Amino acid sequence: MKKHNFSAGPCILPEEVFKEASKAVINFENSNLSILEISHRSQPFIDVMEKTTSLVKDLLCIPNNYSVLFLQGGASLQFLMLANNFINKNKKCTYLDTGTWASKAIKEAKLFGEVITIASSKDKNYNYIPKSYNIPSDSDYFHCTSNNTIYGTQMKNFPYSPTNMICDMSSDIFSRKIDVSKFDLIYAGAQKNLGPAGATLVIINNDIIKEAKHNIPSMLDYKTHIEKSSMFNTPPVFSIYVSMLNLKWLKNKGGVKWIEEKNKEKANLLYKTIDESNLFYGIAEKEDRSIMNATFTINKKNLEEKFYNMCVKAGINGIRGHRSVGGFRASMYNAMPLESVKTLVEVMGEIERKA
Ligand SMILES: *Cc1c(COP(=O)(O)O)cnc(C)c1O
């Protein structure tokens, strides 16, 4: 049976991408070698790296003074790496606490200097995005999380920052238009909207490198990776290759503007169903709802398992909410077709009619 994959990550990718990737595992570009065995220093792979980088720049309209890097260690390594590089002159940094991932980033930054948590939505189990706060200009940087995967909240606007602006965009990069010039460092683990786990995308303003600390280990220094074009050590070849295929798919379909429309259409259908229902209700505040991850629950606790089983029967996968929130979570990443959301909405309607 066809599966509808609502998993929060690793994400769904287009069928065509899986097919082409599987071919390359056996025979990469008619070389009679596998993508998994070719040298990362060979021209065919250098071409893959360059193509992937230029697709990222093109799709996100990245200004010329930025570098695009593919590193390893996930978004989780970026939590400490960015703090290690950029907590420098002022010995302090500012964070917006919008949930688990933001808190983990804060925990790591504390190892390198003073952390000001300028605002937090912890008081309501992170079901909203705090809005009125002023970022101190004597901080080395401000850090925020654009989309809170676990809670289903998303920043619709970004604050003015008088200092370097750093953002974890792991779960909504390439899902909507962003003005990269407003940020100095953007990072994202590949596995939420870009490709298979293994690569971490980093977009960095080259001008801020001179403000960074450099008496740190080479592998943790952004300068190393910029100078070596992400080839300081063996890069995650397969993850980058499949990301390239996925970005090509996105570009051919119509790019970020096109996918943003599609993503809104999917999210609107699900949220409309939730809002019109007497049985389901949304967890995140309406104005902060994410178009990537929708969190909702059912007001009759005893129907939770029944609904879950009906979903499984309909081929719906990965719908259970995160343990810290409960209920359900539907992740609707770029490659998810509207048909999958329609299937989910049908199951919601069916249980409501029976309840
Ligand atoms: C998944 C996720 C992370 C963690 O990513 P890893 O690549 O597994 O380290 C960090 N931030 C956000 C917003 C996420 O969704």
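Helices here are DSSP runs of at least four residues, numbered from the N terminus. Helix H4 covers residues 100-109, and Lys104 sits within helix H4. The model is predicted. This report starts from Lys104, then turns to the ligand, the open and closed spaces, and two threonines.

**Lys104**

Is Lys104 buried, exposed or partly exposed? Its relative accessibility is 40%, so Lys104 counts as partly exposed. The cut-offs explain the label: buried means under 20% relative accessible area, and exposed means over 50%. Lys104 can also be placed against Leu80. The two residues are 24 apart in sequence. In space, their C-alpha atoms are 9.5 Å apart.

**The ligand and its shell**

The ligand is surrounded by 13 residues. The closest of them are Ser76, Thr149, Asp168, Gln191 and Lys192. By class, the shell has eight polar, three nonpolar and two charged residues. Which element gives the largest share of this shell? Helix H3, residues 74-86, does, with four residues.

Three side chains each have a polar atom at a stated distance from an oxygen atom of the ligand. The table lists them.

| Residue | Side-chain N or O atom to a ligand oxygen atom |
|---|---|
| Ser76 | 2.6 Å |
| Thr149 | 2.4 Å |
| Lys192 | 2.7 Å |

How much of the ligand does the protein cover? On its own, the ligand has 380 Å² of accessible area, and the protein covers 88% of that area.

**The largest pocket**

The largest pocket has a volume of about 420 Å³. Its lining holds 23 residues. Ile12, Asn334, Ala335, Met336 and Pro337 lie nearest the centre of the pocket. Several elements give two or more residues to this lining. They are strand S1 (4-5), helix H1 (15-26), helix H6 (237-253), helix H7 (255-276) and helix H9 (338-354). The largest share comes from H7, with five residues. By class, the pocket lining has 11 nonpolar, eight charged and four polar residues.

**The cavity**

How many cavities of 30 Å³ or more does the structure hold? There is one. The largest cavity contains about 30 Å³ of space. Its lining is made of Phe174, Asn193, Asn246, Leu247, Trp249, Leu250 and Asn334. Four of the lining residues are nonpolar, three are polar and none is charged. Asn334 appears here in the lining of the largest cavity, and Asn334 is also among the residues nearest the centre of the largest pocket.

**Two buried threonines**

Thr200 belongs to strand S10, which covers residues 200-205. Its relative accessible area is 0%, so Thr200 is buried. The side chain of Thr200 has a polar atom 3.0 Å from the backbone nitrogen of Gly74. Gly74 is also the residue at which helix H3 (residues 74-86) begins.

Thr295 lies in strand S12, residues 293-298. Is Thr295 buried or exposed? Thr295 is buried, because its relative accessible area is 3% and the cut-off for buried is under 20%. Thr295 and Met332 are 37 residues apart in sequence. Their C-alpha atoms are 11 Å apart in space.

Terms used: Residues are numbered from 1 along each chain as its sequence is written. This is a predicted model: local features need pLDDT of at least 70, side-chain atom pairs count only at pLDDT 80 or more; totals for chains, interfaces and linings use all residues. Side-chain values use heavy atoms; hydrogens and water are left out. A residue is near a molecule or strand if one of its heavy atoms lies within 4 Å of it. A polar contact is a pair of N or O atoms within 3.5 Å; within protein, one must be able to donate a hydrogen and the other to accept it, and residues adjacent in sequence count only if both atoms are side-chain atoms. Accessible areas come from the Shrake-Rupley method with a 1.4 Å probe; for residues, only the protein chains shown count as cover. Ala, Val, Leu, Ile, Met, Phe, Trp, Tyr, Cys and Pro count as nonpolar, Asp, Glu, Lys and Arg as charged, and the others, Gly among them, as polar. On a 1 Å grid over the protein atoms alone, a cavity is a set of points where a 1.4 Å probe fits but cannot get out, and a pocket is an open set with protein on both sides within 12 Å along at least five of seven lines; lining residues have an atom within 4 Å of a point. Grid points are joined across faces, edges and corners, and a volume is the space filled by probe spheres set on the points. Buried means under 20% relative accessible area, exposed over 50%, partly exposed in between (1.4 Å probe, protein chains only).
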